[in-house]
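Colleague: I have a chain I would like to understand before I go back to the bench. Could you walk me through its fold?

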Amino acid sequence: MSDITLSSGVRQNLLSLQNTADLMATTQNRLATGKKVNSALDNPTNFFTSSSLQSRANDLSQLMDSMTNGVKTLEAADNGLTAITNTLESMQSTLRQARQDKTYFTNAYTVDVGDTPAGTEMLSFSDGAIGTTPVDVDLTVAQGVATGSGFGAINFDNAANDANAGTVDFDIAIDGGPAQSVAISAVTGAGSNTLSLTLDGGTAVTFSVADEEAVTADEIAGALNTLFDAESLGITASTSGGELVLTSDTASSSSTAAITVSNLAEAGIAGGSGLGGAVDSVTNVEAKSVAQLVNEIAADPALSDKIRASNDDGKLRIENQSTQDLTVTGTTASGVADGSTSTTLVEGNTVRADLAEQFNELRDQLDKLSDDSSYNGINLLRGDNLKLTFNETGTSTINIQTKDGETINSGYLGLSDLEAVDLDLDTNIDSLLATVKDALNTVRSQASTFGSNLSIVENRTEFTKMMMNTLETGADNLVLADGNEEAANMLALQTRQQLSTTALSLASQADQAPLSLF
């Protein structure tokens, strides 16, 4: 090329054409890439600043994937808690249905212990809600009759009575029993005397006996009634055929009562010797009425809320308040309560038994819901820990887990399988309802916590999206080309190139002028 000599005008036009070509190449590259800074050579400051901003945006983009998975994991846990809440509400409804159900089976028995009962006839209840230890109820009542072998004439002797302050204490003590009959002999004596009656050291009832007057059974009965009323003993004294009859106002199943007469053996009182001590007694047994049996069964704490007795038109109706069959010993298949060794069954409440099975099925489903609430291998309801990072330096994180890392299942919520017998008593059902209510509160509290965590993650996700957009926009502003501007530049360069080519042609023609001389 050194051997070729170009004129100044040609060289100048050629250089201009080359510069235009270089500018066109640069503009074409910008139009092709969309960037005005494609390498550090174009603009080192903008290139490296843009690269830094874009790298941070890329790091946040990777964290976005983790946060998106975290949101879905929390949504899966929330789905599980919602389903568990619905299951607990169904369990609650099942228990309420059991609480309201009173489908109890009953048997009615005619009470018949025969004309001459032995006094040992019993109704015995076992199984059902009572358990294996039988509870006995006596079908008969003992009528105690005290004989008069310990009684004799009580004679008042003035001389002896004077020596004893003119007073004779006549104490009667009663040890249970619905009715006792005692013969009272006439009491005679000389002078004015006082007869005093006391019972078990209680209030004394006294009345005067004139000289040589007999103390009659009616007088004794009146004095005793005053005494019994004062002591609120529920005993009434009366006379029948010259005998004193003591009757309990409330039927009793006690054994034959003994009447003790004391304080009659004082010195100087004629006929007083040997009259103290227990009076002989015999037993007269008869069947209790249905009303008496109903009252006795209702008053027995061992049978309360387990069976219910009622008077069904003269028959003893027994209602089994259990899901298990009740065994009634002392009853026949024909429906007679005779105190024998034969037994009958009163069926249990099958509705409550079925509801217990339904409760257990719901409990099993609750555990399965907890096990199936996982996402991408993480199950928050099983106590797994979900850790999410919110920035590229790892200084902003959150750990999401159930309280104390516990598994949300029936065991944690205090719910266990039920036996049908667990639904026998309304108080048991009330306790189970309270447990289910506590479980609902626990699940709702955990759902609230996860909801708060989900809100935090979603907020950070939106924040990260906006930060990425800001970073990428800033990076692009530093390196992106203006398409309109570059297109205009290209058009201008193309025009310049054409003009440079024309100018080069004209310069070349000028160099050809000497050839015209030849």
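Modeller: Happy to, and we can take it one question at a time.
This is a predicted model, in which local features need pLDDT of at least 70 and side-chain atom pairs count only at pLDDT 80 or more, while totals for chains, interfaces and linings use all residues. Residues are numbered from 1 along each chain as its sequence is written, and side-chain values use heavy atoms, leaving out hydrogens and water.

Colleague: How many helices and strands does the chain have?
Modeller: Helices (H or I, at least four residues) and strands (E, at least two) are DSSP runs, numbered from the N terminus. Counted that way, the chain has eight helices and 22 strands.

Colleague: What percentage of the chain's 518 residues count as buried?
Modeller: Buried means under 20% relative accessible area, exposed means over 50%, and partly exposed lies in between, with a 1.4 Å probe and protein chains only. Of the 518 residues, the buried share is 37%.

Colleague: In the open sheet of four strands, which are the edge strands?
Modeller: Two strands pair if DSSP finds at least two bridges between them. The order in this open sheet is S3-S2-S18-S20, with antiparallel pairing. Pairing on one side only marks the edge strands, S3 (131-138) and S20 (343-346).

Colleague: Which residue in S3 stands opposite Phe125?
Modeller: Strand S2 covers residues 122-127 and runs antiparallel to S3, joined to it by five bridges. Opposite Phe125, in S3, stands Val135.

Colleague: Which helix packs on that sheet, touching S2 and S3?
Modeller: Contact means heavy atoms within 4.5 Å. The direction of the packing helix makes about 140° with that of S3, and the helix spans residues 290-299: it is H5.

Colleague: Which element gives the most residues to the largest nonpolar core?
Modeller: A nonpolar core is a set of buried Ala, Val, Leu, Ile, Met, Phe, Trp, Tyr and Cys residues joined through side-chain atoms within 4.5 Å. The largest one has 43 residues, and Leu88, Leu95, Ile400, Leu415, Leu423 and Phe450 touch the most other members. Elements giving two or more residues include helix H6 (350-371) and helix H7 (426-479). The top contributor, with 14 residues, is H2.

Colleague: How do the directions of H2 and H7 compare, roughly parallel or roughly antiparallel?
Modeller: Axes are lines fitted to C-alpha atoms, for helices over the stretch in contact, and angles run from 0 to 180 degrees between N-to-C directions. The axes of H2 and H7 come within 7 Å and cross at roughly 165°. Angles under 35 degrees count as roughly parallel, over 145 as roughly antiparallel, 65 to 115 as roughly perpendicular and the rest as oblique. H2 and H7 are therefore roughly antiparallel.

Colleague: How far apart in space are Thr49 and Ala475, C-alpha to C-alpha?
Modeller: Thr49 is found in helix H2 and is partly exposed, at 35% relative accessible area. Thr49 and Ala475 lie 426 residues apart in sequence, yet their C-alpha separation is 7.2 Å.

Colleague: Is Leu493 buried or exposed?
Modeller: Leu493 is found in helix H8 (residues 483-511). Not counting residues up to four places away in sequence, Leu493 touches Thr20, Leu23, Met24 and Thr27. With a relative accessibility of 7%, Leu493 counts as buried.
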